[in-house]
Each structure stands twice: as structure tokens, then as C-alpha cells.
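Visitor: I am in my first year, and I keep meeting words that sound like judgements. Could you show me the rule behind each of them?

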Amino acid sequence: MPLLIKNGEVITADRRTQADIYIEDETITEIGETLSVPEGTEVIDASGKYVFPGFIDPHVHIYLPFMGSYAKDTHETGSQAALLGGTTTFIEMCCPAAHEDALEGYQHWKTLAEGNAACDYAFHMGVTRFDDATEAQLREIVADGTGSFKVFLAYKGAFGIDDEALFKTLTLAKELGVITTAHTENAELVAQMQAKLLSEGKTGPEWHEPSRPEYVEADGVHHFATFLEATGAKGYIVHLSCEPALDAALEAKQRGVDLAIESVIPHLMLDKTYAERPDFEGAKYVMSPPLRDKRNQTALWEALSRGDISTVGTDHAPFDTAQKSMGRTDFTRIPNGVPAIEDRVNLLYTYGVSRGQLDIHRFVDAASTRAAKLFGLYPRKGTVDVGSDADLVVYDPEYRGQLSAKTQTMNVDYNGFEGVEIDGRPEVVTVRGVIQVRAGQFVGDKARGRFLRRETGG
Ligand code: URP
Ligand code: ZN
Ligand code: ZN
């Protein structure tokens, strides 16, 4: 059924207008003042609400075999949680283990998502080793529309790759016009520092941050940027967490390295004191790079406002308290990750736009448009334009609530932002013209989500 969203204030990365939006099939077909209502059209009154383009989370883990366990969400729970939080597209990290076949891994991830996601999705292809077989497979994966890679400089002995593989991956990425996303921490330093702390009897979650200090991340950023410089490839640093790493990235950009920076909502909102909470409560806040000293948040928010940090993702990686307990006597065994797919947009809106200094257009850019542009989805996604997919968020800025594990859809038994106030929420969310969320409830088609083939070479 055609849909008309009437009387809303349409806000994109560069425009603010009072307008009606007409949707036929999956697409926005008309935008204008006081559009007529053809018979058989469903009308949504968006008076007093914002209408944003569907938000894009460029960094999530749904299927994630990691540190001896599996992240808790399925594509069903993760995608519905995403939609309730206004995210209509996510890009999932496809992370086969180094000993696994890349193409088989990729197909496995795709099979898990297909028919099970309520929102649209794409993948960053994890490269955990690089040999002749891998190269041919990566070409096939890119030809299938997955036009971005993911490398881990961290996690020695698991996802982490060596410099030869990094160089070859970036060389191929350059040839194919593919952007490479990277987790940038020096793996060897982390491994050595973890071993030293454990040998001193420092086993609790409060030692996670000291095992990978800020300079370890700054070194990783510098290393990745040097390889980008050598190969001419385009890079994207995921979950940048601290000022020294930011400085290293900005210095690289200054000298011409083609680099974009992502921050994630846990680093913007939480600090290392959360991981220092007693009685193993801190384990809920163990993620990598770790939550940092609070002073870093000022630098991150300022860089986000300026646009030096391009995007805000989540790094959604939900492990429940029983899984976290695997590291009760050894912090290096606590599965890393903080769940956030449901809360990113509301937190960024509340503490950026409503109570902070973040311009509302920069908010839309960082949470949607910029990711669409960087990852080959624009203007199909990331904007409100005639011809774009009708992924829309009717957002109620008058809503007041608190985040809680008791009310969340994410399949995990805690919320790292428990009790945190929010100043708005998505009221209605559409995915390609179909209403998936109404009055803050999931009401839609559990299998609406589609795999997005993306353009490369841009
Ligand atoms: O702690 C994190 N970040 N867990 C997920 C894996 C990763 O590094 O992105
Ligand atoms: Zn990471
Ligand atoms: Zn991640």
C-alpha cells in the first residue's frame, strides 16, 4: 500500500524542510508541501516529529564466534533491535577464523542472515589470512557486491593478520577500489602486556585497559596508515577510542593518507571506571579497544562535531553475564564486547543533539549518510530523496525514557547503559516502504531485510 508521511520536519545531512513524503512500492516518489492523498494510501501524521533517513550502523557483529563463545543475538533479534532504535541498515563483520575458507565463511554468514533479518544488511569481509586461494575468493566476494574488507591488527593468534597479509590485502583493495576497515591495536604489545599483568596476579576486568593502553592503539593507527600510504589503498579505522589514536589518524590524513575514522557509542558515553566496577560487574564493559579515561571523550565529541570523525557505529557484540564469567579468574578470557545496536541513535541524539553540541545535520551524517557514502550505498540509502529507498525514521523528540535490559529486544541479559535517560525515540520506522516499527513497537515483517550489493571503485 502506498504511504504518505505528512507534516514532518524532514532532516537530512544538509537540508531541513517541512514536507510530505510519498512512497510507492519501495521508493520515495515525491517530496513536497501538502501532497494530495491518492485513494488507498496509508497516511502517517508526523506533526511535531522529525523525519530522518533510515540510520546505518556501519559496524556490528551478529554471528560472532569469538573467544570460545558466540555472541548472543541472531539476525532475527539483532535486526529487530536495530529497527526499534532507528537503524534500518547494518553492516556486519563477516569474520571467518584464519584456518577457515574465506568463501565458505562468507556464504555461511550470508545464509544465516538471509530470510532472518527485518532490516537491510551488508557485510565487511574479514581477511584473516591471505594466500593464493584467498585472493581469488576475495575477488569473487567483491564481485558479489561485498565491497569492503575488514582486518584486525589486534587479537594475536585469532583474527589478527601479519604484515605480509596486510600488505597483500591492501594491494588487492587498491586494485579493486575497495575500502578496508581496520581494528588498530598492536597485537604483540597487547599479548606481552596481558602476560605480564597476569604474571603479577592482576586478573580482574579492571586490568583490561592497562593491558592495551592508549599508545598501543595509536601505534596500531600509525602502522595501518603507513601501509595505506605504501599501497595507496583507502582505509577506515573502526572504534577509535582515544586522543593519541585520533592524533595519529589526523596526522596521517594531513599527509594525504585516504582514511576515515569511526567512533562507537560505548567510547563516546562510557569510560574505564565502568570496567573497574567491583564484583566482576566490570566484565560487562570489557571491549577492545577498551573504555578509556574520561578525558578522551571530549576529544572524540569535538572531532565528531568537526567531522574529523566521520561515523558513529556500535561495534555491537553481545555476550551475556554467563559468557563474561568465563574470564572470572583471567580478564583475557572475558569475551570482548558491549551490546548497543538498539541504543546508538537515541544516545547520539540525546547526548549529542538534545543535550550536547552536535549539530542535527552532523548527527544525521554521522549516523547514516556518511556510512552510505563510504560504503557504496548512497544515494539509495542515507538520505531522503526522490528515488531513494523509503527507509525512514519518524522521530519523536518529545519522548522521554530510560534504557534498560528489562525493556530491550537485544538478546542479552544486561544493558551497559542501564538507567540512562533518552530524549527521543523512533516512533515509526519503514524499510523500503513497509512499516516495521509503530509507536516504538516492532510490528513488521521479520524477513523484510535484504542483502545489499554495493558499488566499489568510488
Ligand atoms: O570488543 C570488541 N570490540 N568486540 C568485538 C570484536 C571487535 O574487535 O570488533
Ligand atoms: Zn574490533
Ligand atoms: Zn567490531
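Visitor: What is the bridge partner of phenylalanine 55 in strand 9?

Guide: The partner is threonine 87. Strand here means a DSSP run of E with at least two residues, while a helix is a run of H or I with at least four, both numbered from the N terminus.

Visitor: How do you know that strand 6 and strand 9 pair?

Guide: Two strands pair if DSSP finds at least two bridges between them. Strand 6 (residues 55-60) and strand 9 are joined by four bridges and run parallel, so they pair by that rule.

Visitor: Before we go on, what kind of model is this, and how are things numbered?

Guide: This is a predicted model, where local features need pLDDT of at least 70 and side-chain atom pairs count only at pLDDT 80 or more, while totals for chains, interfaces and linings use all residues. Residues are numbered from 1 along each chain as its sequence is written, and chains are lettered from A and ligands numbered from 1 in the order in which they are written.

Visitor: How many bridges join strand 9 to strand 10?

Guide: Six bridges join strand 9 to strand 10 (residues 120-126), and the two run parallel. Isoleucine 91 has alanine 122 as its bridge partner in strand 10. The chain travels from strand 9 through helix 2 (residues 102-113) to strand 10 in a right-handed β-α-β crossover.

Visitor: What makes a crossover right-handed?

Guide: Point the strands away from you: the crossover is right-handed if the path from the first strand over the helix to the second runs clockwise. Strand 10, helix 3 (residues 132-143) and strand 11 also form a right-handed β-α-β unit. Strands 10 and 11 run parallel and are joined by two bridges, with methionine 125 partnered by phenylalanine 149 in strand 11.

Visitor: Why is strand 9 called largely enclosed?

Guide: Eight of the eight residues of strand 9 (residues 87-94) are buried, so the rest of the structure largely encloses this strand. Buried means that 20 or more other C-beta atoms, placed from the backbone, lie within 10 Å of a residue's own; exposed means 12 or fewer, and partly exposed lies in between.

Visitor: Which residues of strand 10 are buried on each side?

Guide: Asp120, Ala122, His124 and Gly126 are buried on one side, and Tyr121, Phe123 and Met125 on the other. In a regular strand, side chains alternate between the two faces of the sheet.

Visitor: Why is glycine 86 called buried?

Guide: Glycine 86 has 28 other C-beta atoms within 10 Å, and the rule asks for 20 or more, so the word fits. This glycine sits in the loop between helix 1 (75-84) and strand 9. Beyond its neighbours within four places in sequence, glycine 86 is in contact (C-beta atoms, placed from the backbone, within 7 Å) with residues including Phe55, Val345 and Tyr395.

Visitor: What makes glycine 160 buried?

Guide: The count for glycine 160 is 22 other C-beta atoms within 10 Å, so the cut-off of 20 or more is met. Glycine 160 lies in the loop between strand 11 (148-152) and helix 4 (163-176).

Visitor: How do you know that the radius of gyration of the chain agrees with a compact globule?

Guide: The rule, over C-alpha atoms, is 2.2 Å times the number of residues to the power 0.38. For 458 residues a compact globule would come near 23 Å, and the protein chain has 21 Å, so the values agree.

Technical notes: Contact = placed C-beta atoms within 7 Å.
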